[in-house]
Amino acid sequence: MKDNCKLKEAAKLVVPGAICGDIIGSAYEFHPTKDPGFTLLTPKSCFTDDTVCTIALADTLNLDLCYTDMLKQWCRRYINAGYGGTFIRWILSDNRNPYNSWGNGSAMRVSAAGAFARSLDEVMTRSKESAAVTHNHPEGIKGAQATAVAIYLALRDMDKAGIKSVIEKGFGYDLSRRYTDIQRTYSFDVSCQGSVPEAIIAFLESSDYESAVRLAVALGGDADTQGAIAGGIAAAYYKEIPDSIMKPCLEKLPQNMMMVVDTFNRKLENRHGGE
């Protein structure tokens, strides 16, 4: 029972962990930093498309509805959140078909699937489904699955060496590179294959939630998205987000988003109550 309570409470941090990572990274998406000591929250810090899409997927799981419908509904509601060009055209159109994207948008929005799933098969299926409505390219699906599987394993207390091994063997990512070697020449990259492994490495070399997000943002790349990816995994692994981070970040969310987070977390109580 104690372990079940630990799992449930940690799972409730995953979506906030991704959202906080997005908000922290938002000020550095177009003004990159290589300094892990950057100012954590600035007057420019805000939620972006990463948070809106994360909320949309959590709400899909809350209501057991269609990923396509919920993404279009939420993203149209927050149309100026900073979406990519192809994605925003898809949002605003009547088109319901995917467009073969390999972008990291599939990975930045997937955290709820990692928190929600009760088996590896389920997390693989749900993360693929959530990606494939737009990002049906193999790399787009792989990025979402790798992120969600890392969250799933971290919630269940697998150590970093184990998580690294599973992701490397299952998805072919090279996670043996050193963060400092990557960061030296790294630049903005929106592809899953060029940003998801690096965000996971930031988590692997971190010491707590805050350092994971700092390392991800200080890669100097797609800061908000890599912050969201590393933040979701780190929240699952460390099972703690400092109040000094979570409180001011979540205060930036409108009430309708917080209602989705609260509903999702209540749903996790039932999902993981008997696991």
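Me: How are H2 and H3 oriented to each other in this predicted model?
Reply: The two helices pack at an angle of about 135°. Angles over 145 degrees would count as roughly antiparallel, and 65 to 115 as roughly perpendicular. The angle of H2 and H3 fits neither class, so their arrangement is oblique.

Me: How far apart are the axes of H2 and H3?
Reply: Two packed helices are described by an angle and a distance between their axes. H2 covers residues 49-63 and H3 residues 67-77. Their crossing is right-handed. The axes lie 9 Å apart.

Me: Which residues of H3 make the contact with H2?
Reply: On the H2 side, the contact residues include Val-52, Ile-55, Ala-56 and Leu-63. Facing them from H3 are Tyr-67, Met-70, Leu-71, Trp-74 and Cys-75.

Me: Is Leu-71 buried or exposed?
Reply: Leu-71 sits in helix H3. Beyond its sequence neighbours within four places, Leu-71 touches Cys-53, Ala-56, Leu-57, Phe-87, Trp-90, Arg-109 and Val-133. Its relative accessibility is 0%, and the cut-off is under 20%, so Leu-71 is buried.

Me: What separates the C-alpha atoms of Leu-71 and Ile-55?
Reply: Leu-71 belongs to H3. Along the chain, Leu-71 and Ile-55 are 16 residues apart. Their C-alpha atoms are separated by 8.8 Å.

Me: Which side chain of opposite charge is nearest to Asp-49?
Reply: Asp-49 lies in helix H2. Among its contacts are Ala-81, Tyr-83 and Asp-224. Asp-49 is buried but has no salt bridge. A salt bridge needs atoms within 4 Å. At 8.7 Å, the nearest side chain of opposite charge is Arg-109.

Note on methods:
Residues are numbered from 1 along each chain as its sequence is written. This is a predicted model: local features need pLDDT of at least 70, side-chain atom pairs count only at pLDDT 80 or more; totals for chains, interfaces and linings use all residues. Side-chain values use heavy atoms; hydrogens and water are left out. Helices (H or I, at least four residues) and strands (E, at least two) are DSSP runs, numbered from the N terminus. Buried means under 20% relative accessible area, exposed over 50%, partly exposed in between (1.4 Å probe, protein chains only). Lys and Arg count as positive and Asp and Glu as negative; His and the chain ends are not counted. Contact means heavy atoms within 4.5 Å. Axes are lines fitted to C-alpha atoms, for helices over the stretch in contact, and angles run from 0 to 180 degrees between N-to-C directions. Angles under 35 degrees count as roughly parallel, over 145 as roughly antiparallel, 65 to 115 as roughly perpendicular and the rest as oblique. A crossing is left-handed if the near helix is turned anticlockwise from the far one by less than a right angle, and right-handed if clockwise.
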